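Here are my notes on this entry, set out as numbered points for discussion. Please read them with the structure open beside the text.

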Amino acid sequence: MPPISASEAAAGPPPPACPIATEHHSRFCPTCSSRLEDSRCKLICRTCGYFLSCADFY
Ligand SMILES: [Zn+2]
């Protein structure tokens with residue numbers, strides 16, 4: 001087995017290359033910019049009624 005540095009990449013902290021990834025569980029409404037509330041398998045906007053199902057954001 002060659003001494004590759006694959007373990008270092010897996011053990012090290014995630015690189016700050018994709019800041020959007022940190023918002024994967026907190027989405028905002030594209031219509032009114034309100035925060036979407038997590039309801040089971042959906043994200044719902046209480047302001048305008050917009051929602052995303054899990055099939056849309058996973
Ligand atoms: Zn909304």
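Which residues does C29 touch, not counting residues up to four places away in sequence?

1. The model is a predicted one, and I start with the contacts of C29. Once residues up to four places away in sequence are set aside, C29 touches S34, L36, C45, C48 and Y50. With a relative accessibility of 3%, C29 counts as buried, because that value is under 20%.

2. Two of those partners, C45 and C48, belong with C29 to the metal site, where the SG atoms of C29, C32, C45 and C48 coordinate the zinc ion at 2.2 to 2.4 Å. The angles that the four donor atoms subtend around the zinc ion run from 102 to 124°, and the arrangement is therefore tetrahedral. For reference, the ideal angle for four tetrahedral donors is 109.5 degrees.

3. The donor residues of the zinc ion follow the spacing C-x2-C-x12-C-x2-C in sequence. Since C29 sits in the loop between α1 (6–11) and β1 (36–39) while C45 belongs to strand β2 (residues 42–45), this pair ties together parts that lie 16 residues apart in sequence.

4. The surroundings of C45 deserve a separate look. C45 has a relative accessible area of 2% and is therefore buried, and its place is in strand β2. Leaving aside neighbours within four places in sequence, C45 is in contact with C29, C32, S34, L36 and Y50. From C45 to P30 the C-alpha to C-alpha distance is 9.6 Å, for a separation of 15 residues in sequence.

5. How exposed is C48, another of the donors? Its relative accessible area is 42%, so C48 is classed as partly exposed, whereas C29, at 3% relative accessibility, counts as buried.

6. On the cysteines more generally, the structure holds zero disulfides. A disulfide would be a covalent bond between the sulfur atoms of two cysteines; in this model the SG atoms of C29, C32, C45 and C48 instead serve as donors to the zinc ion.

7. The metal site and the nonpolar interior share residues. The largest nonpolar core has five residues, namely C29, L36, L43, C45 and L52, and two of these, C29 and C45, are also zinc donors. L36 is in contact with C45 and is touched by C29 as well.

8. As to the overall fold, the protein contains two helices and three strands, which follow the order α-β-β-β-α from the N terminus on. Of its 58 residues, 16% count as buried. The exposed area of the protein is about 5,000 Å², of which carbon and sulfur atoms supply 60%. Among contacts between residues at least 6 apart in sequence, 5% join residues at least 24 apart.

9. Two backbone values should be checked by eye. S33, in the loop between α1 and β1, has a phi near 65°, a positive value in a residue other than glycine, and at 57% relative accessibility S33 counts as exposed. R40, which lies in the loop between β1 and β2, likewise is not a glycine and has a positive phi of about 55°; its relative accessibility of 86% means that R40 counts as exposed.

Definitions and conventions: Residues numbered from 1 in each chain as written. Predicted model: local features only at pLDDT ≥ 70, side-chain atom pairs only at ≥ 80, totals over all residues. Heavy atoms only, no water. Donors = N, O, S within 2.8 Å, 3.2 Å for Na, K, Ca; no water. Tetrahedral: all angles 85-135°; square planar, octahedral: opposite > 155°, others 65-115°. Helix = DSSP H or I, 4+ residues; strand = E, 2+ residues; numbered from the N terminus. Buried < 20%, exposed > 50% of the residue type's maximum accessible area, 1.4 Å probe, protein only. Contact = heavy atoms within 4.5 Å. Core = buried A, V, L, I, M, F, W, Y, C linked by side-chain atoms within 4.5 Å. Disulfide = S-S within 2.5 Å. Areas by Shrake-Rupley, 256 points an atom, 1.4 Å probe, with all protein chains shown as cover.
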